[in-house]
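Q: Could you take a close look at the cysteines here, and set them within the chain as a whole? I am new to this structure and would welcome a connected account.

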Amino acid sequence: MARDVEVGDKVYVPRTLLGMDLNHPSVFYEADVVEKIDRSVRIKLHNGNYSKKIAVSHVSKNVGVIIFRIGDYKETLLLNPLYNSVVQFLKMLLPDDHVRALEIRTLEELIYYWNEAHAAYQQLVIIGHGSSESITFGENRCRVDKIVEYLDKQNVVSKEIISLCCETGKAPFAKTISFSNFCDFFIAPFGSLHGCTASQFAQNYFMRRMLAAETPTTAFKNTRSHIKNAATFRFWKNGELKAGKM
């Protein structure tokens with residue numbers, strides 16, 4: 001969502017909110033802001049007319065998603081199908097150039113691609129093997145504080161982060177990453193997670209967030225209540241657990 005949107009900014013609005021045909025490569029409509037009224041805006045439509053008032057909470061300056069598949073050297077079964085299912089689903093919601101999918105195995109690769117691309121994406125999906133304090137890169141576990149140290153760049157745009165790594169919703173990991181400058185909020189599983197549940201959770205959440213134009217908290221709560229075994233997921237913001245507590 002774009003909290004600092006101003007007149008003249010180019011923004012993205014869910015086509016659902018504008019009553020537009022959804023048979024389109026993107027679920028978002030790109031347009032310029034022509035008026036701002038309190039916490040709402042109007043945009044200019046393709047026919048030259050102005051839209052109805054749209055809440056700022058439904059407006060984004062960027063709708064790109066970057067997916068990091070962080071592998072280990074012994075992985076043969078789970079990560080690839082999970083990664084492929086999430087990537088292909090997102091490509092049904094967004095044009096190909098708004099979805100970037102990267103398979104990496106080292107922290108150095110993560111840092112390289114983050115420095116290169118972090119400004120272009122609003123949402124980050126992390127797929128890998130996790131614990132309450134770390135994620136496995138190759139054969140080595142990397143603690144969350146070290147990950148944050150390398151990714152928390154100056155002037156970084158805060159992102160909506162969804163982790164599909166087991167146990168990363170526990171406080172040691174989630175509190176640390178959600179308190180960082182590059183994290184708007186952090187969604188992750190508290191315990192172990194079956195790949196099917198992870199895939200369904202991600203797909204349902206993004207469908208609600210992008211296609212149904214739900215706010216992050218609403219999309220999280222609805223997804224958590226409708227996906228079997230998804231009660232393990234937690235929603236963290238600014239170092240605090242905001243939703244999903246058992």
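A: In this predicted model, residues 24 or more positions apart account for 65% of those contacts in the protein chain that have a separation of 6 or more. The chain carrying these contacts has six helices and 13 strands, and its C-alpha atoms fill a box of roughly 55 × 40 × 35 Å along the principal axes. Its radius of gyration is 18 Å, which agrees with the value near 18 Å that a compact globule of 246 residues would have. Of the 246 residues, 52% count as buried, while the accessible surface of the protein chain comes to about 11800 Å², with 48% of that area belonging to carbon and sulfur atoms.

Turning to the cysteines, the structure holds zero disulfides. Cys-165 is in no disulfide, and the nearest cysteine sulfur, which belongs to Cys-166, is 7.9 Å away, whereas a disulfide would need the two sulfur atoms within 2.5 Å. Cys-165 has a relative accessible area of 0% and is therefore buried. Cys-196 is likewise in no disulfide, and for this residue the nearest cysteine sulfur, again that of Cys-166, is 13 Å away. Cys-196 has a relative accessibility of 51% and so counts as exposed, the cut-off for that word being over 50%.

As for charge, the protein chain has 31 positive and 26 negative side chains, and the centres of these two sets lie 6 Å apart.

Notes
Residues numbered from 1 in each chain as written. Predicted model: local features only at pLDDT ≥ 70, side-chain atom pairs only at ≥ 80, totals over all residues. Heavy atoms only, no water. Buried < 20%, exposed > 50% of the residue type's maximum accessible area, 1.4 Å probe, protein only. Helix = DSSP H or I, 4+ residues; strand = E, 2+ residues; numbered from the N terminus. Rg over C-alpha atoms; globule rule 2.2 N^0.38 Å. Contact = heavy atoms within 4.5 Å. Areas by Shrake-Rupley, 256 points an atom, 1.4 Å probe, with all protein chains shown as cover. Lys, Arg positive; Asp, Glu negative; His and termini not counted. Charge placed at Lys NZ, Arg CZ, Asp CG, Glu CD.
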